[in-house]
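Subject: Handover of a structure and notes on its interfaces

Dear colleague,

Please find below the structure that I am handing over to you. I would ask you to keep it open while you read the notes that come after it.

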Amino acid sequence: MSQLQIENLTVEFPSRKGDFIAVQDFSIELQAGEILGVVGESGAGKSTVGNAVIGLLQKPGHMIGGTISLDGERIDDLDEEIMRAIRGKRIGMIFQDPLTSLNPIETIANQLIETIVLHLKLSKADARKKAVDLLDQVGIPDPSVRIDQYPHQFSGGMRQRVVIALALCADPEVIIADEPTTALDVSVQAQILDLMRGLCRERNVGMILITHDMGVIAEVTDRVAVMYRGKLVEIGETAQVLGSPKHDYTKSLISAVPRPDKRINRFPLVTYIEDVGERKEVDIANHWLGQTQDYADFDGPLLKLTDLSMRFITKHSIFPSKRIYLDAVKKVNFDIKSGEVFGIVGESGSGKSTIARMVTGIYKPTGGKIEFAGADLTAMTTAKEINPWRRQMQMVFQDPFSSLNGRMRVEDIIAEPIQFHKQVSTNAECYAIVHDLLDIVGLGKVAARKFPHEFSGGQRQRISIARALATRPRFLVCDEPTSALDVSIQAQVLNLLKDLQEEMGLTMMFISHDLPVIRQMCDRVAVMRNGEICEIAETEDLFNNPKHEYSQHLLSLMPKFFMDKN
Amino acid sequence: MISFIIKRLLQSMLVMLTVAFISFGLFRFVGDPVSNMAGQDTSIEDRQELRKSLGLDDPVYIQFFNFTINAAQGKFGQSYMLREPVRELMAKRFPATLELALVSSVIAMLLGVPMGVYTAIRRNTLLSKAFMTISLMGVSLPTFLIGILLILLFGVTLRWLPTFGRGDVVQLGWWSTGLLTASGLKAIIMPAITLGIFQMTLIMRLVRAEMMEILRTDYIKFGRARGLSNRSLYFRHALKNTLIPVITITGLQIGSIIAFALITESVFQWPGMGLLFIQAVGNADVPIMAAYLVLIAFIFVVINLIVDVLYVIVDPRLRASSEGD
Amino acid sequence: MENQEIERGRIADFLHRLNDNDIWWSFWHSPVAVLSAALALFMIFISVFASVIAPFNPFDLASLDLMDSSLPPVWQSGGDPRFLLGTDDQGRDILSTILYGSRISLLVGFVSVIFSLILGVGLGLISGYVGGRTDAIIMRIADVQLSFPAILIALLLDGVARTLLPKDVHSEIAIYVMIFAIAVSGWVQYARTVRSMVMTEKVKEYVQAGQVIGLGQFTIMWRHILPNVIGPVFVIGTLHLALAIIIEATLSFLGVGLPPTTPSLGTLIRIGNEYLFSGEWWITIFPGAALVAIALSVNLFGDWLRDAINPKLL
């Protein structure tokens, strides 16, 4: 008999603009000791399934149909009191963000002991013993000491281990993990996934693993259920679903995942989810956008960084000796040639975004030189001197939800750089160019008078690209431009960036933590760690023959499901 | 921890110096102290003498220095109006104001915190709505009007409670208390309620807003998913986190309690410092104004210091970062 | 012709947006919000047109007759049909004095709120955006000021003005002293809120995008950050309006506010308070009720606005 059974689950969220069916006729069964992945993009309803199982649907959402059974007993119609005894005791839950999942003003011990005493009715001393044991099992070193610490004294990965310990502490039969590794770095992610898989096998616990990440699915799940707009579109053995998907959506989803094993020209089949208006062909060479003759030709590297450094003060003090510094970037050197796409890859905190922000003038470097087309930008002090150069380099940001000013219309957002740099003489001309830009990025004129909140993440990223192109730059910095997007949207945006780069002959600095994306986009790559560059190599060389041990380590952490196929 | 407190102490001294400077400016440059002190028939020689004894011929920075030294000892000279040393006038009035402020703060806390918690947890019940309405009334009814209405009802119409004064007081050393006599207790009821309502409203809204915010956090959600009872979630996890900002803001509100005490004292003819201050303002009695200013700033600074220390005790995150100091 | 069409398109667009706007929608679906806004507008309306609506001009000494003094409201025995809400000790019509008094109270409230708002938002923007030492200085001043509540500051300023100015000049400029005192004491809350919001906004990527374009600091503050932090300022402004009116009334009640020659609601209550014990309750209670009506309606509206915009504000 299956441990957990969901049959025809349907969840509705009423709102004044109509009732929204978040999950519709969803049925799955979970066997003991099995890891079942639920995969889907944002808005697919996968988290709603998890919340429904544990009886904590966010209000005003509620079940309007279906049943949920645990060991053959229905649990979706239980009284709150009885359901509470099941939560934590028979079903454990793990959430996404370890930084906010723990009460900041209680020690780990208190939080563990409270839960253990509640469910297992042990004495406080026994509960503490068990808690120390648990921490040991989830891989926290020195558990008998660390148990008395507060959450802020643990790193993100360690906190997620504590969260897992809390979810396991009453020996539940089923665990629901909602994006448990999304907030973590790749190397930590791998450890946590290993840990979770090991614990499930050992204790014969069934787990529903909710994620958007195909890599995670391929790594740990036995079976996978694919969700699309609230419906289950496909379910089966993981290898079979990933290897030979049946449903068109699954095919599209898998083809959109950047391949780590070889470079392909474009992502195929990626229009399943978001139907983007056809890009209007614009003859760039004869268009205003192509007329950039005011740039002097320059033979050397377009961008040259010499000993570039950035030191932040993390703790201020009147006494210089008591200040604490963070060297985010330490004496970095590299060149970017005209027309090249240069990638920087590294984990969070490696300093890659700091470099982008220094190059584009958001941060002022504390040391070293930035030369652009032969001009030393670090030596310039006045806005008048530097603005002509600023115009030539623009940036596409990471977070589509904060990179556009929500109080401005889309057309004004894109027009602002044109007007500021006095690129055209009349408003009519300016807005005509804005409309063309919207066509070029595939949104069309209809987008012009809307506000950013009316668009999806992918569409906003297109607006952000249009804004970056509005000054007719020849150098574009992309800082994790797709890391906040769903994988199929990411494929579309990457396709767009590739097309633009080719058509306009842009030079690009492309920053990402995602190696497969780097492989698809870049000509050369720099690998960064702790503010230093470990290795610079041609992309294909790096992937086939990494020299530095950190590069090798990063490559070993890449999702492998494509590799099996070839 | 220690260096954190030292830092706070230094900041407090700076605040006190600023306030001392303002009240010195008030004393020295607003009106002429000599003509305010001297009677109509004082001779020119006597005036000169007075000038000298007040040190008004010294350079300004020396005067400020002397003023600060004196102020630190509570010496603010003589009241122009009452011809008595300010220190004694204030000392006589201080217990009345402090008792009033304390009693009303206790009332406000005892009612405000539970009401705030209740309205945050049971947002849509009738009682919750009633509490919210009361709190809006509390913000919208000026303190003096509440006092007048209470007087009209319990004093004039029902004749249950006295409408003015402190009743009988008992001397405990230099401290005079009204809390030990029946008439004193009766007399403090209406003023304390009048003063407490606004504070209660504020505490209740603050607790409610913070509590609602915390109930939305992930760790409460995670606690719920572990099957913790509502009681534990509300009172162990949420309320404790709520109290951190509540402590701060309540501390900052001490100033307003004293300011509002001044209104209450005026309505009920309560013989406290506030009443003295209002009379001083009406009569341009600068020494009393200056002394009152410094005293309020001092109380504020002391309470802020206590709040800061409490803050560090309650919040382990701060404890850790201040250890690194 | 084409212009007209575009114009029509814009109006339709605007109406569509309005209909789509959550705040607008929740306003029309909250009876409390609609009623309180209506009451507030009504109070504002009758006080703006006080000179037209009021049956008497209470400041016209010639029209006063001591024979009419201390008459109770119409519905009590001894009431005079000319004076709906009775008269005070000098024979002034209470209804008329309330209308004129509300006008002064609202005037003081509005003007001082506008001053506070401009000062507070400006300093908050600078403090949050520039940061560093400037921020530290502005915030320390705010801290010190916070230890002295509005009423205390106003009392002190009034005391100073009283000492420096002859008595007759003082009552003439009392209204300016009052506005200044309330405005100066109110800026801190705006500044603190705006500052903390600016600190969260300024690290957002749209601000960085502005920097990458090359925009100057002032443009970024004015065009990009300010519109994103202004919502809560309206909430504070509304609640502050009620508070400012109450502070003004309190000061006038304490006798350090507006003089009896240009009475605000607070002055009227103060005058009436002296007759409370002799049973002439209407001289106090009616102006008091008018004051509460204004403060309550404004507060109710502000309360709703806060919930609609940002429930975290206090």
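The notes below treat the two interfaces of chain C and then the cysteines.

This is a predicted model, in which local features need pLDDT of at least 70 and side-chain atom pairs count only at pLDDT 80 or more, while totals for chains, interfaces and linings use all residues. Residues are numbered from 1 along each chain as its sequence is written, chains are lettered from A and ligands numbered from 1 in the order in which they are written, and side-chain values use heavy atoms, with hydrogens and water left out.

Chain B and chain C

Contact (heavy atoms within 4.5 Å) involves 45 residues of chain B and 42 residues of chain C. The buried area (the accessible area, with a 1.4 Å probe, that two parts lose on being put together, summed over both) is about 3,900 Å², with 82% of it on carbon and sulfur atoms. There is 1 salt bridge (a side-chain nitrogen of Lys or Arg within 4 Å of a carboxyl oxygen of Asp or Glu) across this interface. It joins R205(B) to D303(C), with 2.9 Å from N to O.

Chain C and chain A

Here 22 residues of chain C touch 30 residues of chain A. Together the two chains bury about 2,300 Å², of which 48% lies on carbon and sulfur atoms. Of the area that chain C buries against chain A, 31% comes from E205(C), V212(C) and I213(C), more than from any other three residues. The two chains share 2 salt bridges. One of the pairs is R357(A) with E205(C), whose closest N and O atoms are 3.8 Å apart. The helix α9(C) (helices are DSSP runs of H or I, at least four residues, numbered from the N terminus) gives the most to the side of chain C that touches chain A, namely 7 residues. That side has 7 nonpolar residues (Ala, Val, Leu, Ile, Met, Phe, Trp, Tyr, Cys and Pro), 8 charged residues (Asp, Glu, Lys and Arg) and 7 polar residues (the others, Gly among them).

Cysteines

How many disulfides (pairs of cysteine sulfur atoms within 2.5 Å) does a search of the whole structure find? The search finds 0 over all chains. For C534(A), the nearest cysteine sulfur belongs to C522(A) and is 16 Å away. C430(A) counts as buried (under 20% relative accessible area, with a 1.4 Å probe and protein chains only) because its relative accessibility is 1%.

Yours sincerely

Notes. Helices (H or I, at least four residues) and strands (E, at least two) are DSSP runs, numbered from the N terminus. A disulfide is a pair of cysteine sulfur atoms within 2.5 Å. Buried means under 20% relative accessible area, exposed over 50%, partly exposed in between (1.4 Å probe, protein chains only).
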